[in-house]
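Me: I would like to work through this model by question and answer. Please show the sequence and structure before we start.

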Amino acid sequence: MEQTEIRFRKQRDVGVIISDSFDFLKQEAKPLLRMIGIYVLPFVILYAGAQVYFQRNVLSKFDLTNPESLMADIGPFYLNLFMFMFFGLFVQSLLVGTFYSYLEAYIKHGKGNFQLTDISPKFFANSLLALGASFIFAIIVFFGAMMCLIPGLYFANTFSLAVFILIFEKKGISDALSRSWRLVNTNWWNTLLLNIVGVIIFYVVGLVLSIPAMIMGVSPSLFSNEITNPADYPNWYWVLNGISSVITTIVLIVPFTFQAFQYFNLAERNDPTRPLTPQE
């Protein structure tokens, strides 16, 4: 059965955006998995290894019963935490830059009218754009959250389309931020709903993947009288933890797809005659 090309530039409600996103990911699963496996997966595996190292060798060294030791370890802890968070931001930016490069080619050239080799030169450049936008986005949300939870949530939702706009329209970060602000505020609650659904999917996948480890090894220690140091968990637990991290990181393409569809939905509703890219 021949698959129908999915048209992104179309007005949709929330339910249609979610269903069309999964239809797109299902149709394009093979080239997407091949692309991610070649260009992104090695870095995702490194990130999963860094996450396991951080949990096993950094967090486990904290002795909450010894204030002097805790204060002595707090400096190295924050250094490791910063390096881990920055590496995670880099890996996420590499994933979103690569994935949005594929979406850009799909939207501009049509289904089956391009090869991965045609767009692979764009992966690194778009990933750098995504990294810069994600870093600025994280700073804005952080300062919003420092003021109060509500401003942080508002900024996170309002600027959630900025990375896709920056990569697709290529008109600079300031234009991407202002355009995301304008578009999202025309349909703020629906955008929030889509982002919440994406976050729920991400965490549900992570929770489901953690169940085997919890049942087989960790949960018995929770009900014992002895406190078990995470560093003492068996190696297979950390292997499962790493695999879970790899899968949940890749699952991020689901909320990324929601945001791409929402961008076109809002653009078509508010300024359908506006050129979306410099080439149009």
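Me: Among contacts in the protein chain between residues at least 6 apart in sequence, what share joins residues at least 24 apart?
Reply: This is a predicted model, in which local features need pLDDT of at least 70, side-chain atom pairs count only at pLDDT 80 or more, and totals for chains, interfaces and linings use all residues. Residues are numbered from 1 along each chain as its sequence is written, and side-chain values use heavy atoms, with hydrogens and water left out. A contact means heavy atoms within 4.5 Å. Of the contacts between residues at least 6 apart in sequence, the share that joins residues at least 24 apart is 77%.

Me: How many helices and strands does the protein chain have?
Reply: Helices (H or I, at least four residues) and strands (E, at least two) are DSSP runs, numbered from the N terminus. Read from that end, the elements run α-α-α-α-α-α-α-α-α-α-α. The count is eleven helices and zero strands.

Me: What percentage of the residues in the protein chain is buried?
Reply: Buried means under 20% relative accessible area, exposed over 50%, and partly exposed in between, using a 1.4 Å probe and protein chains only. For the 280 residues of the protein chain, the buried percentage is 43%.

Me: Which helix gives the largest share of the largest nonpolar core?
Reply: A nonpolar core is a set of buried Ala, Val, Leu, Ile, Met, Phe, Trp, Tyr and Cys residues joined through side-chain atoms within 4.5 Å. The largest one has 57 residues, and those with the most contacts inside it are Phe8, Phe24, Phe99, Tyr100 and Phe164. Twelve residues of this core, the largest share, come from residues 67-109, which form helix α4.

Me: Which residues are included in the second core?
Reply: This core is separate from the largest one and has five residues. Those included are Val141, Phe155, Ala162 and Leu177.

Me: At what angle do the axes of helix α1 and helix α11 cross, and how is that angle classed?
Reply: Axes are lines fitted to C-alpha atoms, for helices over the stretch in contact, and angles run from 0 to 180 degrees between N-to-C directions. Angles under 35 degrees count as roughly parallel, over 145 as roughly antiparallel, 65 to 115 as roughly perpendicular and the rest as oblique. The axes of α1 (residues 14-27) and α11 (residues 253-270) come within 9 Å and cross at roughly 120°. At that angle, α1 relative to α11 is oblique.

Me: How do the residues of the contact of α1 with α11 divide by class?
Reply: On the α1 side the contact is made by Ile17, Ile18, Asp20, Ser21, Phe22, Phe24 and Leu25, and on the α11 side by Ile253, Val254, Thr257, Phe258, Phe261, Gln262 and Asn265. Ala, Val, Leu, Ile, Met, Phe, Trp, Tyr, Cys and Pro count as nonpolar, Asp, Glu, Lys and Arg as charged, and the others, Gly among them, as polar. The division is nine nonpolar, four polar and one charged.

Me: Is Asp20 buried or exposed?
Reply: Asp20 lies in helix α1. Leaving aside neighbours within four places in sequence, Asp20 is in contact with Ile6, Arg12 and Phe261. Its relative accessibility is 14%, so Asp20 counts as buried.

Me: Which residues of helix α7 and α11 make their contact?
Reply: The axes of α7 (residues 162-169) and α11 are 9 Å apart at an angle of about 70°, which makes α7 roughly perpendicular to α11. From α7 come Phe164, Ile165, Phe168 and Glu169, and from α11 come Ala260, Tyr263 and Phe264.

Me: How many of the residues of α7 are buried?
Reply: The buried residues in α7 are Ala162, Val163, Phe164, Ile165, Leu166, Ile167, Phe168 and Glu169. One of them, Phe164, touches Tyr100, Leu103, Ile107, Glu169, Ala260, Tyr263 and Phe264, not counting residues up to four places away in sequence. The helix is mostly covered, the buried count being eight of eight.

Me: What is phi of Lys170?
Reply: Lys170 follows α7 and sits in the loop between α7 and α8 (173-184). With a relative accessible area of 36%, Lys170 is partly exposed. Its phi is positive in a residue other than glycine, near 55°.

Me: How far apart in space are Leu153 and Leu192, C-alpha to C-alpha?
Reply: Leu153 belongs to helix α6 (residues 149-158) and is partly exposed, with a relative accessible area of 44%. Apart from neighbours within four places in sequence, Leu153 is in contact with Trp188 and Leu192. Leu153 and Leu192 are 39 residues apart in sequence, and their C-alpha separation is 9.1 Å.
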